[in-house]
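Morning, everyone. I have one structure to walk through today. Let me put it on the screen.

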Amino acid sequence: MSNSSDATAVRLEEVRKTYHTGDVEVHAVRGVSIEIDQGEFVALMGSSGSGKSTLMNIVGCLDRPTSGRYFLDGEDVSSLSRDDLANVRNRKLGFVFQSFNLLSRTSALENVELPLLYSEIALTGLQLREKAEQVLIAVGLQGRGDHTPSQLSGGQQQRVAIARALINDPEVILADEPTGNLDSRTSVEVMEIFQRLNEKGITIIMVTHEADIAAYARRNIVMKDGLVQSDSRPDHRLNAAAELQRISASDAVEAII
């Protein structure tokens, strides 16, 4: 266990990741040290090849660093076995992807229930269903639990994916380009959900290449060539709820005209 503060959700110490492709060494992450406190909302940015996706995989316990140490919720997970990493992922992390990653022939409710089927928490079928319904309500999808992904819009599918990420009560939600397949208004709706969840104390780490989406986060970390290029807090953080009100008012005016 680490002696770090209980308020630190993620701590990376000189983390490096090197891939070997034939005789070529690719230094994807070159010695990154970051602390992310519980309750932060961080946007991880950078162009293709900057190392942000590799770093996200390490933070998500999908990969291990070549060297350095990674503490998640105070626990050193740098050198855990694959099985132990999978257990940590299921207990402490929730994932939201650009492509939603929903099972196409399965209802929204069943998609949301899926992580708990692999959990150590023993729930009855009724308890499982009630919890899934609760998180669907939390993302604004009450009454849509019996719909399959093909019966839902892109924004609604992403809400299902967010509900699935919430079902295990994670310490941290990791979102990889969560608005990449969505239009502008739906993107703001997703950011409103994230900001609301963050206000409740959930730590959110979001990979995005879009500066206008990063502006909804509390902190922006920009990577370049496997290193942290900048780490800053926006002076004017966008409020998604206020932005949605502005969009709705603008739409109403256009409808009248």
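I'll take helix 3, then the cores, then the two largest pockets.

One caveat before we start. This is a predicted model.

Start with helix 3, residues 108-117. Why do I call it largely enclosed by the rest of the structure? Because 7 of its 10 residues are buried, meaning under 20% relative accessible area. Here is the list: Ala108, Leu109, Asn111, Val112, Glu113, Pro115 and Leu116. Note that Asn111 and Glu113 are among the buried ones. What do these residues pack against? Three helices: helix 2 (82-92), helix 4 (125-138) and helix 5 (154-166).

Keep your eye on Val112. Setting aside neighbours within four places in sequence, Val112 is in contact with Ala132, Val135, Leu136, Val160, Ala163, Arg164 and Ile167. Val112 also belongs to the largest nonpolar core, which has 43 residues. It is one of the residues with the most contacts inside that core. The others in that group are Val160, Ile162, Leu166, Met191, Phe194 and Leu197. There is a second core, separate, with 29 residues. Val32, Ile34, Cys61 and Ile221 are included there.

Now the pockets. The largest pocket holds about 400 Å³ of space. It is lined by 16 residues, and the closest to its centre are Asn90, Phe95, Phe97, Pro115 and Arg164. Two of those names have come up already. Pro115 is a buried residue of helix 3, and Arg164 is a contact of Val112. Which elements each supply at least two lining residues here? Helix 2, strand 6 (93-97), helix 3 and helix 5. Strand 6 gives the most, with 4 residues. By class, the lining has 10 nonpolar, 4 polar and 2 charged residues.

On to the second largest pocket. Its volume is about 200 Å³. Of its 14 lining residues, Ser184, Ser187, Val188, Asp212 and Ile213 are the closest to the centre. Helix 6 (184-199), helix 7 (211-214) and helix 8 (240-256) each supply at least two lining residues. Helix 6 has the largest share, 4 residues. And the classes? This lining divides into 6 nonpolar, 4 polar and 4 charged.

To recap. Helix 3 is largely enclosed. Its Val112 sits in the 43-residue core, and helix 3 also supplies at least two residues to the lining of the largest pocket. The second largest pocket draws its largest share from helix 6.

That's it from me. Thanks.

Conventions: Residues numbered from 1 in each chain as written. Predicted model: local features only at pLDDT ≥ 70, side-chain atom pairs only at ≥ 80, totals over all residues. Heavy atoms only, no water. Buried < 20%, exposed > 50% of the residue type's maximum accessible area, 1.4 Å probe, protein only. Contact = heavy atoms within 4.5 Å. 1 Å grid on protein atoms, 1.4 Å probe; cavity = no way out; pocket = protein on both sides within 12 Å on 5 of 7 lines; lining within 4 Å. Points joined across faces, edges and corners; volume = space filled by probe spheres on them. Nonpolar A, V, L, I, M, F, W, Y, C, P; charged D, E, K, R; others polar. Core = buried A, V, L, I, M, F, W, Y, C linked by side-chain atoms within 4.5 Å.
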